[in-house]
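Open the model in your viewer and keep the sequence panel beside it. We will go from stop to stop, with something to select at each one.

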Amino acid sequence: MNVLWIYAHPEQRSLNGALRAEGLRALAADGHAVRESDLYAMDFKPVVEAADFHRASCERLFVGAEQERAYRTGKLADDIRAEQDKLAWADTLVLQFPLWWFGPPAILKGWFDRVLVQGFAFGVRDAEGRTRRYGDGGLAGRRALVVTSVGARASSFGPRGIHGALDEVLWPVLHGTLWYTGMAPLRPYVVHSADRATPAEADAHAAALADRLRGLPGEQPLAYRHEAGTDYDADLVLHADRAPGRVGLGAHVVPPRA
C-alpha cells in the first residue's frame with residue numbers, strides 16, 4: 001500500500017503520539033510505503049482565504065469556483081498543492097486525531113477545507129455530465145481509516161449512551177467527507193478513556209493498532225450506499241423499499257445479509 005498518514009495532535013509525547021509511532025513502524029515493517037503530514041509540526045494554515053488562489057481579481061470571492069479555477073490553472077497555494085500530490089500518490093489514507101467537541105481539531109478541518117477543493121476531490125463529473133459523489137468522486141479508489149481517541153468511556157458512546165453512537169458522531173468525517181469524495185471508509189480505530197490510560201494500557205492500544213494495520217490490505221470498508229446505485233431517487237431520497245420504516249443516518253448503510 002501507499003499510505004498517507006495525516007496526524008493532527010499537538011503533542012508528540014501523548015497517547016496519540018505513541019499510537020502514531022507504532023502505527024508507522026508496523027506499516028514500514030510490512031513493506032508499505034508511507035508519507036506523512038504532521039499538521040501541527042508543519043504549522044499548517046487551516047483558514048481558507050483569497051491568498052490560497054493567487055487571484056488577480058478583487059471581485060467577490062466565490063470559494064468553490066475559485067478553488068476549481070486555481071486547481072485547473074495550477075495557481076493553488078504551494079502548501080495545498082503539496083498535500084494534493086500526497087493524496088494523488090496514496091491508495092490508503094490514515095486520519096489520526098483526538099475527538100474534540102465531537103469532531104476533529106480545527107487544524108484538520110482546515111486541511112479538509114483547503115486541500116479537498118472543488119474540481120479535485122469533489123464537484124467532478126462523469127462522461128455523461130453527472131456529478132460524482134458518495135462512493136465516487138475525485139478520490140475514488142482510495143480507502144481511509146480514522147484513528148481517534150476520546151476521553152469518554154466506551155459505554156457512553158454505546159447505542160443508548162449519552163454521547164450518541166460513535167459511528168454517527170463520526171458521520172461528518174466518514175460519510176460526509178471521505179465517502180462523499182469517493183474514498184471508502186473503514187471501521188474506525190477508537191481508543192476510549194484516552195486521558196486516563198496507564199502506560200501499560202497505552203502500550204496495549206498501540207499493539208492493537210499495529211495488529212489492525214497488519215490486516216488492513218484485506219479489510220472491507222463500511223457498507224455505505226452509493227449515490228450512483230439504485231438506492232436513491234432523482235431527489236436523492238431513499239426509495240421506499242430501501243430500509244423501509246427507517247429514518248436517520250443508519251438508513252444509508254446497507255444492512256448485512258441474514
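One cut-off will help along the way: a residue counts as buried under 20% relative accessible area, as exposed over 50%, and as partly exposed in between. Keep in mind too that this is a predicted model.

**Stop 1: a patch on the surface**

Select Trp100, in the loop between E3 and H5. Is Trp100 buried, exposed or partly exposed? Its relative accessible area is 39%, so Trp100 is partly exposed. Now add Tyr40 and Trp101 to the selection: with Trp100 they make up a nonpolar surface patch, and together the three have about 440 Å² of accessible area.

**Stop 2: strand E3**

Next, select residues 92-98, which are strand E3. How many residues of E3 are buried? Seven of its seven are, so the strand is mostly covered by the cut-off above. In a regular strand, side chains alternate between the two faces of the sheet. In E3, one side carries Thr92, Val94, Gln96 and Pro98, the other Leu93, Leu95 and Phe97, and the residues on both sides are buried.

Now bring in the strands that pair with E3. Strand E1 (2-7) runs parallel to E3, with five bridges between them; look for Ile6, whose bridge partner in E3 is Leu95. Strand E4 (143-149) also pairs with E3 in the parallel sense, over seven bridges. To find this pairing, show Pro98 and look opposite, to Ser149 in E4.

**Stop 3: the nonpolar cores**

Nonpolar side chains tend to be buried together in soluble globular proteins. Here the largest nonpolar core has 42 residues, and those touching the most other members are Leu87, Leu93, Leu95, Leu108, Trp111 and Leu178. Among the elements that each supply at least two residues to this core are helix H4 (78-89), helix H5 (106-115) and helix H6 (166-169).

Select Trp111 and show what surrounds it. Which residues does Trp111 contact, leaving aside neighbours within four places in sequence? They are Ile6, Leu39, Phe44, Glu83, Leu87 and Leu116. Then move to another core, which lies apart from the largest one: it has 19 residues, including Trp5, Leu145, Leu186 and Leu209.

**Stop 4: helix H7**

Select residues 171-179, helix H7. The rest of the structure largely encloses this helix, because seven of its nine residues are buried. To see them, show Trp171, Val173, Leu174, His175, Thr177, Leu178 and Trp179. What do these buried residues pack against? Their partners are E3, H5, H6, E4 and strand E5 (184-185).

**Stop 5: salt bridges**

Side chains of opposite charge can pair when their charged atoms come close. Across the whole structure there are 23 salt bridges, and three make good selections.

- Asp52 and Lys45: their side chains form a salt bridge at 3.1 Å, N to O. Asp52 is buried, at 2% relative accessibility, whereas Lys45 is partly exposed, at 27%.
- Arg132 and Asp136: this salt bridge spans 2.9 Å, N to O. Arg132 is partly exposed at 24%, and Asp136 is partly exposed at 25%.
- Arg214 and Asp211: here the N to O distance is 2.4 Å. About one helical turn separates the two, because they are three residues apart in helix H8 (residues 199-214). Arg214 is partly exposed, at 40% relative accessibility, and Asp211 is partly exposed, at 48%.

For a last selection, take Lys45, Glu49, Asp52, Asp79 and Arg114, which are joined into one network by salt bridges that share partners.

Note on methods:
Residues numbered from 1 in each chain as written. Predicted model: local features only at pLDDT ≥ 70, side-chain atom pairs only at ≥ 80, totals over all residues. Heavy atoms only, no water. Core = buried A, V, L, I, M, F, W, Y, C linked by side-chain atoms within 4.5 Å. Buried < 20%, exposed > 50% of the residue type's maximum accessible area, 1.4 Å probe, protein only. Helix = DSSP H or I, 4+ residues; strand = E, 2+ residues; numbered from the N terminus. Contact = heavy atoms within 4.5 Å. Patch = residues over 30% accessible without salt bridge, like charges linked within 9 Å, V, L, I, M, F, W, Y side chains within 5 Å. Areas by Shrake-Rupley, 256 points an atom, 1.4 Å probe, with all protein chains shown as cover. Salt bridge = Lys/Arg side-chain N within 4 Å of Asp/Glu carboxyl O. Pairing = 2+ DSSP bridges.
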